Amino acid sequence: MTQTTPKRPRRRGRLFPEYTIPPEELARREAEKQARCQRSRLVFEQVCPQLINDHYNWFIIIEPTSGDYFIDPDEEVANQKARQKYSSGWLVTFRINETGACGMI
């Protein structure tokens, strides 16, 4: 005896106007994101030359507001170190190499 599950109607791509984010808010969020990235990139460019010889291809997690950074060869461990001090908020990840890129394209 097979048991059938009741079918519920499928909802396809509904648009909920009450949840639409205004363009001004999207622009503000993008500007904040770019500012965080710039601050993090500045910290990365300052510390990378000192770290690149001994810690090549390690991960560096930067907290953009304070400029604090945490390094480890394992990305998860570096992230855990950063989250111990900054449990919430934005963190930016780089790799300690010539470009700061974390993955392959």
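In which helix is arginine 36 found? The residue sits in helix α1, which spans residues 23-51. That helix is a good place to start.

First, a word on confidence. This is a predicted model. The protein averages a pLDDT of 86, and 80% of the residues score at least 70. In the protein, strand β2 (residues 69-72) has the highest confidence, at a mean of 96. Strand β3 (residues 92-95) has the lowest, at 93. Where pLDDT is low, the predicted coordinates should not be read in detail.

Now turn to the sheet. Three strands form an open sheet in the order β2-β1-β3, and the pairing is antiparallel. The edge strands are β2 and β3, each of which pairs on one side only. On average, neighbouring strands of this sheet are turned by 20 degrees against each other, direction ignored. Strands of a sheet pair through backbone hydrogen bonds, either parallel or antiparallel.

Look next at how β1 and β3 meet. Strand β1 covers residues 59-62. Four bridges join β1 to β3, and the two run antiparallel. Phenylalanine 59 stands opposite arginine 95 in β3. Follow the side chains along β3 and they alternate. Val92 and Phe94 point to one face and are buried. Thr93 and Arg95 point to the other face and are not buried.

Two helices lie across these strands. Helix α1 lies across β1, β2 and β3, running at about 145 degrees to β1. Helix α2, residues 75-85, also lies across β1, β2 and β3. Its direction is at about 150 degrees to β2.

Next come the charged side chains. Side chains of opposite charge can pair when their charged atoms come close. The structure holds five salt bridges. A network of them links Glu25, Arg28, Arg29 and Glu32. Within the network, glutamate 25 forms a salt bridge with arginine 28, with the closest N and O atoms 2.5 Å apart. Why can these two meet along the helix? They are three residues apart in helix α1, so about one helical turn separates them. Glutamate 25 is partly exposed, at a relative accessible area of 22%. Arginine 28 is partly exposed too, with 38% relative accessibility.

Arginine 28 has another partner. Glutamate 32 forms a salt bridge with arginine 28, and here the closest N and O atoms are 2.4 Å apart. The two residues are four places apart in helix α1, so they too are separated by about one helical turn. Glutamate 32 counts as partly exposed, at 38% relative accessibility.

A further salt bridge involves aspartate 72. The side chains of aspartate 72 and lysine 81 meet at 3.1 Å, N to O. Aspartate 72 is buried, with a relative accessible area of 13%. Lysine 81 is partly exposed, at 33% relative accessibility.

Finally, return to arginine 36. Is this residue buried or exposed? Arginine 36 is buried, yet has no salt bridge. Its nearest side chain of opposite charge is glutamate 32, 4.4 Å away. A salt bridge needs a nitrogen within 4 Å of a carboxyl oxygen, so that pair does not qualify. Which residues does arginine 36 touch, not counting those up to four places away in sequence? They are Pro64 and Trp90.

Technical notes. Residues are numbered from 1 along each chain as its sequence is written. Side-chain values use heavy atoms; hydrogens and water are left out. Buried means under 20% relative accessible area, exposed over 50%, partly exposed in between (1.4 Å probe, protein chains only). Lys and Arg count as positive and Asp and Glu as negative; His and the chain ends are not counted. Contact means heavy atoms within 4.5 Å. pLDDT is the predictor's confidence in each residue, from 0 to 100. Two strands pair if DSSP finds at least two bridges between them. Axes are lines fitted to C-alpha atoms, for helices over the stretch in contact, and angles run from 0 to 180 degrees between N-to-C directions.
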